[in-house]
2 protein chains.
Amino acid sequence: MADVAALAGVSKATVSRVLSGAPGVSEETRRRIKALVKDLSYVVSPDASRLSRGSTGRIAVVMPHTTSWFYGAVLAGVLSVLRAEGLDALVYQVADGTESRTFFADLPVQRRVDAVIVVAFPVTEHERRQLDLLGMPVVVAGGALEHHAHVRIDDTTAARQAVTHLIRSGHERIAMINAAVTREWPYAPPADRLDGYRTALEDAGLTVDPRLVVDLPWSGTMGADGMDRLLSLDRPPTAVFGFCDEVALGALRSLRRAGVSVPRTVSVIGIDDHPLAELCDLTTVRQPAEQQGARSAHLALDLLGGAPTGELHVTLPTHLVIRATTGPPEDS
Amino acid sequence: MADVAALAGVSKATVSRVLSGAPGVSEETRRRIKALVKDLSYVVSPDASRLSRGSTGRIAVVMPHTTSWFYGAVLAGVLSVLRAEGLDALVYQVADGTESRTFFADLPVQRRVDAVIVVAFPVTEHERRQLDLLGMPVVVAGGALEHHAHVRIDDTTAARQAVTHLIRSGHERIAMINAAVTREWPYAPPADRLDGYRTALEDAGLTVDPRLVVDLPWSGTMGADGMDRLLSLDRPPTAVFGFCDEVALGALRSLRRAGVSVPRTVSVIGIDDHPLAELCDLTTVRQPAEQQGARSAHLALDLLGGAPTGELHVTLPTHLVIRATTGPPEDS
DNA sequence: CTGTTAGCGCCTTCAT
DNA sequence: ATGAAGGCGCTAACAG
């Protein structure tokens, strides 16, 4: 910048003003400096700028992993909003317990970012306190956290929408394959979807048969495993509600391999509307993943702006998407 | 840091030495300062540190989108390596033509990072030149770029593995549903997979029937659309090779809806080994996405270290994964 | 409107 | 082994 100033015959201050669009520079010198800057293809050093300005111009996105659709979509939403605002995103992947421990112990985001967006992450009480003493805005996408802004869906409602659809189709023996929430697959509050399943049944005057609820730790094939278990029952269910689409797709595999007709003999429904759900003709409840990311980013920006103008706790709606894996039960 | 120095009764220089692990400090003062630092839970400002040191401690990851499995997996690989090295990742999503244009015009990564990892991105000649004048290491993951390091698979070979598997199973009328590469879905070199398809057929003494090659611009359902087209042929193929798993899964949907038995009447194969391929029992050729990310990150680190010790052009192997969507043709 | 003067927080010679 | 001083590149008061 010193060079530019010298070549333009002005002071660094003036160049700085031009580059930051600050007022108080004559149109003419402004034009001259701009031309020179373009000529030299000069760009300011954000770090130096931030050092003296105070803010980093970056925000951290913390997620357990980046591979599955949900996290990718949330990230996409965050990025598109931040880019528009000229902010950079630092992505931190905090997968297993070890990484989580060191992350919250070292808090590597300290002094590196102006705000943190935590994506669908089960935060312990201790970790929450760590987050608090970070002293910067924290917003949660796809979950909730005491004392902090968040954007999410209502998991209980989503589950009810799914199960109610099955009930309305005439089903009475409805099973649920539930994912025990772990560090590796934490993307919904532990019990919300199960609660939705239960209340939907109860509201319809149906009883909850504990044998029809399969609880498994997350794995790529847990949906298939869960379905196998259900198929080995004396009286298998006529419909299955999967914790999420990936679980439901796993259930479909077991049914296909077992030669069970879908939806004639067994109906299957999930939650998410994963892109591949469409290709598998899976009935599901859609949740807006990208929007959750985008709204979180907006919330973070608001918080940064100092004026939390809107609501700090956003719940986005979910919608039933009926495809080909659900239908009336065989004997009805 | 000034505070720490004052409280410890030493100079900032000493504190700095301790914090950066530099030699020339007595064990005793070192211990004392460390304790104090922990007490105050003080951390250095990376920005300030970098300002005076010169490097940013960050590297940029540029990808067309973050939603699909491949990109997420590559990102995961990159992140795990960088984290181990204490480097931060700035993620840039450059989706459509407009974003791409502004990205390469403004080069927002300038002065913000020490190196750039470009993920599976079709770079034009002009853009390549822009990248060159960035003056920092650029490595390509999942693709190749003149003058730059890269990590990828051999797409031609992968396609040959897939098609050869079909040929060995006895198929002769083998179709390909090819994704016309676009900005939105650029994750393989335009013609490589098609070439692999062709040479595999030719090597087996089979003729390439142009009617069996469907070229469609990328979309979520292009696999299904392509399959519909193939099914409407006078003599439909007995096997279909999809550009990638998502295309193959789309083909499966069309076959299922049309009541065509798989693999009895038509076999289907893809490339990727997408996590859901397993749930759909899809035969495919696996490519190591996460590894491509990890290796790219290592390459970037090497380049940063100044000593490009290893090979700068890495090609990772792919493997056939046989599942349930391929088998011998009906009449053989 | 423009230039001068201080820092921002840290690292790095060079002395001591 | 430690301290003092200068500078990294830029912005933010103040002056003019």
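Where chain B meets chain A in this predicted model, the contact draws 46 residues from chain B and 46 residues from chain A. The size of an interface is often given as the accessible area lost when the parts come together. Here the area buried between chain B and chain A comes to about 4200 Å², with carbon and sulfur atoms giving 53% of it. If you look at the chain B side, D47(B), R111(B) and L279(B) are the residues that lose the most area to chain A, and together they make up 16% of what that side buries.

Charged pairs also span this boundary. Between chain B and chain A the count is 10 salt bridges, while a search of the whole structure, over all chains, finds 33. A good pair to bring up on your screen is R257(B) with D281(A), a salt bridge whose closest N and O atoms are 2.5 Å apart.

Now let us stay within chain A. Its domain assignment gives domain 1 (2-44), domain 2 (56-152 + 289-315) and domain 3 (155-288). The C-alpha centres of domain 2 of chain A and domain 3 of chain A lie 29 Å apart, and their contact takes 19 residues from domain 2 of chain A and 12 residues from domain 3 of chain A. Between them these two domains bury about 1300 Å², 58% of it on carbon and sulfur atoms. Three residues deserve a look here: W69(A), F70(A) and P122(A) supply 39% of the area that domain 2 of chain A buries against domain 3 of chain A, more than any other three residues. How many salt bridges cross the interface of domain 2 of chain A and domain 3 of chain A? The rule finds zero across that interface.

Next, turn to a pair of helices in chain A. Helix 6 (residues 97-106) of chain A and helix 7 (residues 125-132) of chain A have axes that come within 9 Å and cross at roughly 35 degrees. The crossing of these two helices is left-handed. On the helix 6 side, S100(A), F104(A) and A105(A) make the contact, and they meet E127(A), Q130(A) and L131(A) of helix 7 of chain A. Sorted by class, this contact has three nonpolar, two polar and one charged residues.

Our last stop is a salt bridge inside chain A, between E28(A) and R32(A), with the closest N and O atoms 3.9 Å apart. Both belong to helix 3 (residues 27-40) of chain A, and because E28(A) and R32(A) are four residues apart there, about one helical turn separates them.

Key: Residues numbered from 1 in each chain as written. Chains lettered and ligands numbered in written order. Predicted model: local features only at pLDDT ≥ 70, side-chain atom pairs only at ≥ 80, totals over all residues. Heavy atoms only, no water. Axes fitted to C-alpha atoms, helices over the stretch in contact; angles between N-to-C directions. Left-handed = near helix turned anticlockwise from the far one by under 90°. Contact = heavy atoms within 4.5 Å. Nonpolar A, V, L, I, M, F, W, Y, C, P; charged D, E, K, R; others polar. Domains from an automatic or database assignment. Buried area = accessible area lost by both parts, 1.4 Å probe. Salt bridge = Lys/Arg side-chain N within 4 Å of Asp/Glu carboxyl O.
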